[in-house]
Amino acid sequence: MQLGFVTAIFSELPLEPVLAFAGAEGYACVEVQCWPAGGSKHGGVTHLDVDGFTQSRADDVRALCEKYRVKISSLGYYPNPLSHDAEEAEHALAHIRKVIDAAPLLGLDIVNSFVGANIKLPLEDNLRRFAE
């Protein structure tokens, strides 16, 4: 078993100091938050900006992980892709795809997210939309 934490708890710090803390305190891994950079009305913490993410940037992140002896367990992004607000839902889905595309560049096969819900629809309709 590996002990880790979600990087969102260090929302004001960039990724490197978070990794430095994790390594110094003996944590084995972290879930790195990948919300869209620049903050939006639906924004969260951006420790890894996956917009235009490249193998070169992934290699830099992996080097930081090696430096501080901390693995990335997964990437995290928790929007509401089933939102009743079509713009919010499409923005969420587009960014989820970027997070998914970034994961293998880092050698990862896990992305954590949120199903969400349309608050104006009954549960059955939300489950149908999720299945689609």
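This is a short chat about a predicted model, covering its sheet, ring pairs, one serine and the cysteines.

Colleague: Start with the sheet. How many strands, and in what order?
Modeller: Four strands form an open sheet. The order is 1-2-3-4, and the pairing is parallel.

Colleague: Which strands stand at the edges?
Modeller: Strand 1 (4-6) and strand 4 (111-112). Each has a single partner strand, so one side of each is left without a neighbour in the sheet.

Colleague: And strands 2 and 3, how many bridges join them?
Modeller: Five bridges, with the two strands running parallel. Val32, for instance, has Leu75 in strand 3 as its bridge partner.

Colleague: Switching to aromatics. How many pairs turn up in the whole structure?
Modeller: The search finds six aromatic pairs. One of them is Trp35 with Tyr77: ring centres 4.9 Å apart and planes at 80°, so the pair is edge-to-face.

Colleague: Where do Trp35 and Tyr77 lie?
Modeller: Trp35 is in the loop between strand 2 (29-33) and helix 2 (55-68). Tyr77 is in the loop between strand 3 (71-76) and helix 3 (86-105). The pair therefore ties together parts that are 42 residues apart in sequence.

Colleague: Is Trp35 buried or exposed? What about Tyr77?
Modeller: Trp35 counts as buried, at 10% relative accessibility. Tyr77 also counts as buried, at 2%.

Colleague: Which residues do ring pairs link into a cluster?
Modeller: Phe5, Phe10, Phe21 and Tyr27.

Colleague: New topic, Ser83. Where is its place?
Modeller: Ser83 sits in the loop between strand 3 and helix 3. Its relative accessible area is 4%, so Ser83 is buried.

Colleague: What does the side chain of Ser83 reach?
Modeller: The backbone nitrogen of Asp85, at 3.0 Å. The Ser83 side chain also makes a polar contact with the side chain of Glu88, at 2.9 Å.

Colleague: Which residues does Ser83 touch, leaving out those up to four places away in sequence?
Modeller: Glu88, Ala89, Ala117, Asn118 and Arg129.

Colleague: Last one. How many disulfides does the search find?
Modeller: Zero, across the whole structure.

Colleague: Why no bond for Cys29?
Modeller: A disulfide is a covalent bond between the sulfur atoms of two cysteines. The closest cysteine sulfur to that of Cys29 is in Cys65, and it is 10 Å away, so it is too far for a bond. From the Cys65 side, the closest cysteine sulfur is in Cys29, again 10 Å away and too far.

Colleague: Are those two cysteines buried or exposed?
Modeller: Cys29 is buried, with a relative accessible area of 7%. Cys65 is buried too, at 9%.

How values were computed. Residues numbered from 1 in each chain as written. Predicted model: local features only at pLDDT ≥ 70, side-chain atom pairs only at ≥ 80, totals over all residues. Heavy atoms only, no water. Phe/Tyr/Trp six-rings, centres within 6.5 Å; stacked < 30°, edge-to-face > 60°. Buried < 20%, exposed > 50% of the residue type's maximum accessible area, 1.4 Å probe, protein only. Pairing = 2+ DSSP bridges. Polar contact = N/O pair within 3.5 Å; in protein donor to acceptor, adjacent residues only side chain to side chain. Contact = heavy atoms within 4.5 Å. Disulfide = S-S within 2.5 Å.
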